[in-house]
Structure formats: structure tokens, C-alpha cells
Amino acid sequence: MYIKPAFIDDLISKTDIKSVIEEYVKLEKKGIHYWCSSPFTEDRTPSFCVNIIKQRFVDYSSGISG
């Protein structure tokens, strides 16, 4: 199944990634990003970063991003 890039871009523009992620974890604002402990590992230090400008996240503990 192929998803057109225009559809993905439209979906991203209509979705607030911070609101979606906050349904699962508590985010804390530090500078221009939001941080929390990794939801994918047992790491207890803030290693999960949400960038609301780019509508992306990075988990530095597990290497998962999206």
C-alpha cells in the first residue's frame, strides 16, 4: 500500500504532535522543546524530546523517532 506524500503532509499539518503524545506521557517544557523519560525503555532521565515546530519526536534512549 502506498500513501501519497501530500496526504502525509496534510495530516501532519492538521495534527498537534504534543497533544497526541501527552495522552500517553507527561511532557515538561525545557526551552523550545518538550521532554520526558523514555516511554520505550526503563531510562528515568529525560531522553524523549518533542519538537512542536517540526512536529517530530526523538527518543535518544532507544533511537526511535518519528
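This short presentation concerns the aromatic residues and the nonpolar core of one protein chain.

The model is a predicted one, in which local features need pLDDT of at least 70 and side-chain atom pairs count only at pLDDT 80 or more, while totals for chains, interfaces and linings use all residues. Residues are numbered from 1 along each chain as its sequence is written, and side-chain values use heavy atoms, with hydrogens and water left out.

I begin with the overall arrangement. The protein chain comprises two helices and four strands, in the order α-α-β-β-β-β from the N terminus; these are DSSP runs, H or I of at least four residues for helices and E of at least two for strands, numbered from the N terminus. Along the principal axes, its C-alpha atoms fill a box of roughly 40 × 25 × 20 Å. Of the 66 residues, 24% count as buried, where buried means under 20% relative accessible area, exposed over 50%, and partly exposed in between, with a 1.4 Å probe and protein chains only.

I turn now to the aromatic rings. A pair of aromatic rings is described by the distance of the centres and the angle of the planes. The structure holds three aromatic pairs. Phe40 and Phe48 have ring centres 6.2 Å apart and planes at 55 degrees, so this pair is tilted. The pair formed by Phe48 and Phe57 is stacked, at 5.3 Å centre to centre and 25 degrees between the planes. Here, rings of Phe, Tyr and Trp (its six-membered ring) pair if their centres lie within 6.5 Å; planes under 30 degrees apart are stacked, over 60 edge-to-face, and the rest tilted. Phe40, Phe48 and Phe57 form one aromatic cluster.

How are these three residues placed with respect to solvent cover? Phe48 is buried at 3% relative accessible area, and Phe57 is buried at 16%, whereas Phe40 is partly exposed at 44%.

Phe48 and Phe57 also belong to the largest nonpolar core, whose nine residues include Ile17, Ile21, Leu27 and Tyr34. Such a core is a set of buried Ala, Val, Leu, Ile, Met, Phe, Trp, Tyr and Cys residues joined through side-chain atoms within 4.5 Å. Helix 2 (17-22), strand 2 (33-37) and strand 3 (46-51) each supply at least two residues of this core.

Finally, Tyr34, a member of that core, has Lys18 over its face, at 4.9 Å from the ring centre. The criterion is NZ of Lys or CZ of Arg within 6 Å of the ring centre and within 35 degrees of the ring normal.
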